Amino acid sequence: MERLQGKNVLITGASSGIGQAIAVRFAAEGANVAINYRSGAEQAEATRAMAKAARSNGSGRELVVQADVSNEDQVKQMFATTIEEFGQLDILVNNAGIQKPCPSHEIESSDFDRVISVNLRGPFLCSREAIRHFLSRPGGGVILNNSSVHEIIPKPKYLSYSISKGGMENLTKSLALEYAGQGIRVNAVGPGAVVTPINKAWIDNPKARGEVESHIPMGHAANSCEIAAVFAFLASHEASYVTGQTIFACGGLTLYPEFRVAWSSGE
Ligand code: NAD
């Protein structure tokens, strides 16, 4: 399937995990992909090689662009470089994100600020630059946000992360409503537990992983490709009438899993 043939896409935090899988999937679907990374150029180059290898007909371009998404000047430079290299931008994927677990009463304000800066200020800055560009030429555009089930499910000890994803829901909806009339669609994907570096605490520890997966109705964590597939659909013309939505790709985690057994009826 090449639903994104010739589309120019910028993906933040694309040197690992879900962002890397999105870059590879979008390249496989024919897109030119700008791979943003903050640090670790080698990993970004590895993503570039994987995206190149995924192309069925060999055509299409990959670009590696360094920027911290929370830094306004670096974000502006990243967009300028991408638009200069590709000619124009059609799709932005706000994927970069971090988390820092800590009991809420012990959080350092600098740690709180950093998570909000990367997870919420970053998508704001990137969306603003993308929308300015989309409005500067005909054709509209697409913005996709990598949210989380924690957009709607509280996550104790991950307060800043939870708040950032809750805010992302309103970022998605507000921008979708504001620019729907100008051909700009804004949507989000809400993954559950995915096997990526952000979950290094449990992915390689069979006991810890079993504990995590015991809470998931479908019984297992997702791999990044399963999440990238949802992004590819939302980016494509097949989702042309979808805006302001979060699609949860979470193996049933948003379905109140504790109700799998009838503990409330007494029968
Ligand atoms: P990951 O750690 O592999 O990916 C995060 C990426 O963001 C990394 O490449 C990192 O270098 C990059 N990044 C961090 N700070 C940055 C900054 N300031 N500027 C630019 N890039 C920066 O983990 P992942 O699971 O692939 O996470 C990607 C997104 O998916 C995040 O937004 C995360 O919240 C979301 N998500 C992940 C899961 C999961 O279970 N893995 C579940 C729900 C949502």
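Let's begin at Glu213, which touches Gly219, His220 and Ala221 once residues up to four places away in sequence are set aside. Keep in mind as we go that this is a predicted model. Glu213 sits in helix 6, which covers residues 206–213. Is Glu213 buried or exposed? With a relative accessible area of 14%, Glu213 is buried, because the cut-off for that word is under 20%.

Stay in helix 6 for a moment and look at Glu211, which belongs to that helix as well. Glu211 has a relative accessible area of 47% and is therefore described as partly exposed, since that label covers values between the 20% limit for buried and the 50% limit for exposed. The side chain of Glu211 makes a polar contact of 3.1 Å with the side chain of His215. Now jump along the chain to Ile227: 16 residues separate Glu211 from Ile227 in sequence, and their C-alpha atoms are 22 Å apart in space.

Ile227 brings us to helix 7, where it is one of the buried residues. The others in that buried set are Ser224, Ala228, Val230, Phe231, Ala232, Leu234 and Ala235. How far should the twelve residues of helix 7 (residues 224–235) span? At 1.5 Å a residue the answer is 16 Å, and the end C-alpha atoms are indeed 16 Å apart, so the two values agree. At the start of this helix, a side-chain oxygen of Asn223 comes to within 3.0 Å of the backbone nitrogen of Cys225. The cover over the buried residues of helix 7 includes helix 1, strand 4, strand 5, strand 6 (184–191) and strand 7.

Helix 3 makes a good companion to helix 7. Helix 3 runs over residues 72–86, 15 residues in total, and reaches 21 Å from its first C-alpha to its last, close to the 21 Å expected at 1.5 Å a residue. Which residues of helix 3 are buried? They are Val75, Met78, Phe79, Thr82 and Phe86. Seen down the axis of helix 3, these buried residues fall within an arc of 95°, so they line one face of the helix. On the other side of helix 3 you will find Asp73 and Glu84, both exposed. The buried residues of helix 3 are covered by elements that include strand 1 (8–11), strand 2 (32–37), strand 3 (62–66), strand 4 (91–94) and helix 4 (109–135).

The two ends of helix 3 are worth a look too. At its start, a side-chain oxygen of Asn71 reaches to within 3.1 Å of the backbone nitrogen of Asp73. After the helix comes Gly87, with a positive phi near 95°.

Next, turn to the ligand. It is surrounded by 29 residues, of which Ser16, Ile18, Tyr161, Thr196 and Asn199 are the closest. From Ser16, a polar side-chain atom lies 2.7 Å from an oxygen atom of the ligand. Asp68 offers a side-chain N or O atom 2.8 Å from a nitrogen atom of the ligand. The backbone takes part as well: a polar backbone atom of Gly192 is 3.3 Å from a ligand oxygen atom. How much of the ligand does the protein bury? Taken alone, the ligand exposes 820 Å², and the protein buries 93% of that. Helix 1 (17–28), helix 4 and helix 5 (159–179) are the elements that give two or more residues to the shell around the ligand.

From the ligand shell, follow helix 5 to Thr172, which lies in that helix. Thr172 counts as buried, at 0% relative accessibility. Leaving out residues up to four places away in sequence, Thr172 touches Asn145, Val186, Asn187, Ala188, Gly244 and Gln245.

Two backbone details round off the tour. Most residues other than glycine have a negative phi. Lys157 is not a glycine, yet its phi is positive, about 70°. You can find Lys157 in the loop between strand 5 (141–146) and helix 5. Tyr256, also not a glycine, has a positive phi of about 55°. Tyr256 lies in the segment after strand 7 (246–249), and with a relative accessible area of 63% it is exposed.

Notes. Residues numbered from 1 in each chain as written. Predicted model: local features only at pLDDT ≥ 70, side-chain atom pairs only at ≥ 80, totals over all residues. Heavy atoms only, no water. Helix = DSSP H or I, 4+ residues; strand = E, 2+ residues; numbered from the N terminus. Expected span 1.5 Å × (residues − 1). Buried < 20%, exposed > 50% of the residue type's maximum accessible area, 1.4 Å probe, protein only. Arc of directions from axis to C-beta. Contact = heavy atoms within 4.5 Å. Polar contact = N/O pair within 3.5 Å; in protein donor to acceptor, adjacent residues only side chain to side chain. Near = heavy atom within 4 Å. Areas by Shrake-Rupley, 256 points an atom, 1.4 Å probe, with all protein chains shown as cover.
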